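Visitor: I have just opened this one and would like a patient walk through it. Could you take me through the basics before the details?

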Amino acid sequence: MREQPIGEAVEDDERANVIAYHRGDTHAAIDTLLEDIRHLRRQLALTEGAMSRGMARGWRPSYHRD
């Protein structure tokens with residue numbers, strides 16, 4: 001899958017590629033995507049802890065769920 005800017009819509013072929021990678025198992029595809037989200041949140045938390053407050057001028061990530 002290609003990287004895409006934040007907020008760009010996911011294309012149908014990207015969904016199909018994810019499901020095909022998991023051999024049609026949609027539950028496995030969802031599990032993988034959820035694990036990716038957890039990993040990225042951990043990475044963001046580590047980065048936030050390593051950054052100085054001045055570096056981001058007080059910006060903090062939003063952890064709300066839609």
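**A first look at the chain**

Guide: Of the chain's 66 residues, 9% count as buried, where buried means under 20% relative accessible area, exposed means over 50%, and partly exposed lies in between (1.4 Å probe, protein chains only). This is a predicted model, in which local features need pLDDT of at least 70 and side-chain atom pairs count only at pLDDT 80 or more, while totals for chains, interfaces and linings use all residues. Residues are numbered from 1 along each chain as its sequence is written, and side-chain values use heavy atoms, with hydrogens and water left out.

Visitor: How many helices and strands are there in the chain?

Guide: The chain has two helices and zero strands, helices (H or I, at least four residues) and strands (E, at least two) being DSSP runs numbered from the N terminus.

Visitor: And what area does the chain expose?

Guide: About 6000 Å² is exposed, and carbon and sulfur atoms supply 57% of that; accessible areas come from the Shrake-Rupley method with a 1.4 Å probe, and for residues only the protein chains shown count as cover.

Visitor: Switching to charges, how many salt bridges does the structure hold?

Guide: There are two salt bridges, each being a side-chain nitrogen of Lys or Arg within 4 Å of a carboxyl oxygen of Asp or Glu. Glu-35 and Arg-38 meet in one of them at 3.2 Å, N to O, and these two residues lie three apart in helix H2, about one turn of the helix.

Visitor: Which residue forms a salt bridge with Arg-42?

Guide: Arg-42 pairs with Glu-35, with the closest N and O atoms 3.2 Å apart. Through shared partners, the salt bridges join Glu-35, Arg-38 and Arg-42 into one network.

Visitor: Is Glu-35 buried, exposed or partly exposed, and what is its relative accessible area?

Guide: Glu-35 is partly exposed because its relative accessible area is 34%, and Arg-42 counts as partly exposed as well, at 43% relative accessibility.

Visitor: What about nonpolar patches on the surface, which residues make one?

Guide: Ile-30, Leu-34 and Ile-37 make a nonpolar surface patch of about 250 Å². Patches are made of residues with over 30% relative accessible area and no salt bridge, with like charges joined within 9 Å and nonpolar side chains (Val, Leu, Ile, Met, Phe, Trp, Tyr) within 5 Å. Of these residues, Ile-37 sits in helix H2, residues 26-50, and is partly exposed, with a relative accessible area of 39%.

Visitor: Last one, where does Arg-23 lie?

Guide: Arg-23 is in the loop between helix H1 (12-21) and H2. Its phi is near 55°, a positive value in a residue other than glycine, and Arg-23 counts as exposed, at 79% relative accessibility.
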